[in-house]
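Colleague: I should be grateful for a close look at one part of this model, namely the packing of its helices and the buried residues around it. Please set it in the context of the whole chain.

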Amino acid sequence: MNTRLTRTLASVTWALAVLCGLAFVGTAVTHMLDDGAVCVQTDFWNNASLADSLPVGAGVEASSSAARLCQDSPSVGQRAADLGGELPWLLFGALALLLFSRLLKAVLLQGPFTEAVAQRLSVLGWFVAVGTPLAGLTVGWSRSWLVESMAPIVGSGPTVSGPLVLVLAGLTAVIMGKIMREGVRMREDLEGTI
């Protein structure tokens, strides 16, 4: 299955994986070397009344939807929690794209219905199914810890952030990998009997 589309897609996913990896490293280095403020947004005070009155029409009540907290001289823990709010999704994206690129490379070299492709599809599926909630939990926990370190009254617990629908896509890839593996075994059995 060495088509132009598959070759192009394999090259593009490899390049995107490298870019996500470079963004991961660049973000980590620049945030750790930065001595500026660390900010986080929270919706703890959702629908709270605003202190200053806004020029609104009669019968309209203004309320805030989110609060932004900033620490001018953050501690090492706060800076690490700020990184924990950004880096997990960059790492997840880079690794998922790398696994997808390897899957496409196996398709190019061996064809679509082989044991290697089925195995790589299953590995990609498990990575997405397990990695999505882990990355989301890491981001949510980092942000809630950062909010609590700046405003202890909030007392927010760990949350899961991000698109959890990717878990379904990962489980679908795992099931498709198992189906492909059975198809490969059936084809090998038929070739052995003929």
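Modeller: Along the sequence, the elements of the protein chain are ordered α-β-β-α-α-α-α. That amounts to 5 helices and 2 strands, where helices (H or I, at least four residues) and strands (E, at least two) are DSSP runs numbered from the N terminus. The model is predicted, so local features need pLDDT of at least 70 and side-chain atom pairs count only at pLDDT 80 or more, while totals for chains, interfaces and linings use all residues. Residues are numbered from 1 along each chain as its sequence is written, and side-chain values use heavy atoms, with hydrogens and water left out.

Of the 194 residues in the protein chain, 33% are buried; buried means under 20% relative accessible area, exposed over 50%, and partly exposed in between, with a 1.4 Å probe and protein chains only. Among contacts (heavy atoms within 4.5 Å) with a separation of 6 or more, 80% join residues 24 or more positions apart.

The packing of helix 3 (residues 87–110) with helix 4 is a suitable centre for the description. Their axes lie 10 Å apart, at an angle of about 175°; axes are lines fitted to C-alpha atoms, for helices over the stretch in contact, and angles run from 0 to 180 degrees between N-to-C directions. The two helices are therefore roughly antiparallel, a term for angles over 145 degrees, whereas those under 35 count as roughly parallel, 65 to 115 as roughly perpendicular and the rest as oblique. The residues of this contact comprise 19 nonpolar, 5 polar and 2 charged. Here Ala, Val, Leu, Ile, Met, Phe, Trp, Tyr, Cys and Pro count as nonpolar, Asp, Glu, Lys and Arg as charged, and the others, Gly among them, as polar.

The largest nonpolar core has 13 residues, of which Phe 92, Leu 103, Val 117, Leu 121, Leu 124, Val 128 and Met 180 touch the most other members. Such a core is a set of buried Ala, Val, Leu, Ile, Met, Phe, Trp, Tyr and Cys residues joined through side-chain atoms within 4.5 Å. Helix 3, helix 4 and helix 5 (166–193) each supply at least two residues of this core, and the largest share, 6 residues, comes from helix 4. Leaving out residues up to four places away in sequence, Leu 103 touches Val 117, Arg 120, Leu 121 and Leu 124. Apart from this core lies another, of 8 residues, including Leu 146, Val 147, Met 150 and Ala 151.

Individual positions add detail. Ser 122 belongs to helix 4 (residues 115–150) and counts as buried because its relative accessibility is 8%. Beyond its neighbours within four places in sequence, Ser 122 is in contact with Ala 173, Val 174, Gly 177, Lys 178 and Arg 181. Gly 93, in helix 3, is also buried, at 18% relative accessibility. Between Gly 93 and Gly 21, 72 residues apart in sequence, the C-alpha to C-alpha distance is 8.4 Å.

Helix 2 (residues 76–84) has Gln 78, Arg 79, Ala 81, Asp 82, Leu 83 and Gly 84 buried. Their cover includes helix 1 (4–33), strand 1 (38–42), strand 2 (67–71), helix 3 and helix 4. In strand 1, Thr 42 is buried, with a relative accessible area of 10%. The C-alpha atoms of Thr 42 and Val 147 are 7.0 Å apart, although 105 residues separate them along the chain.
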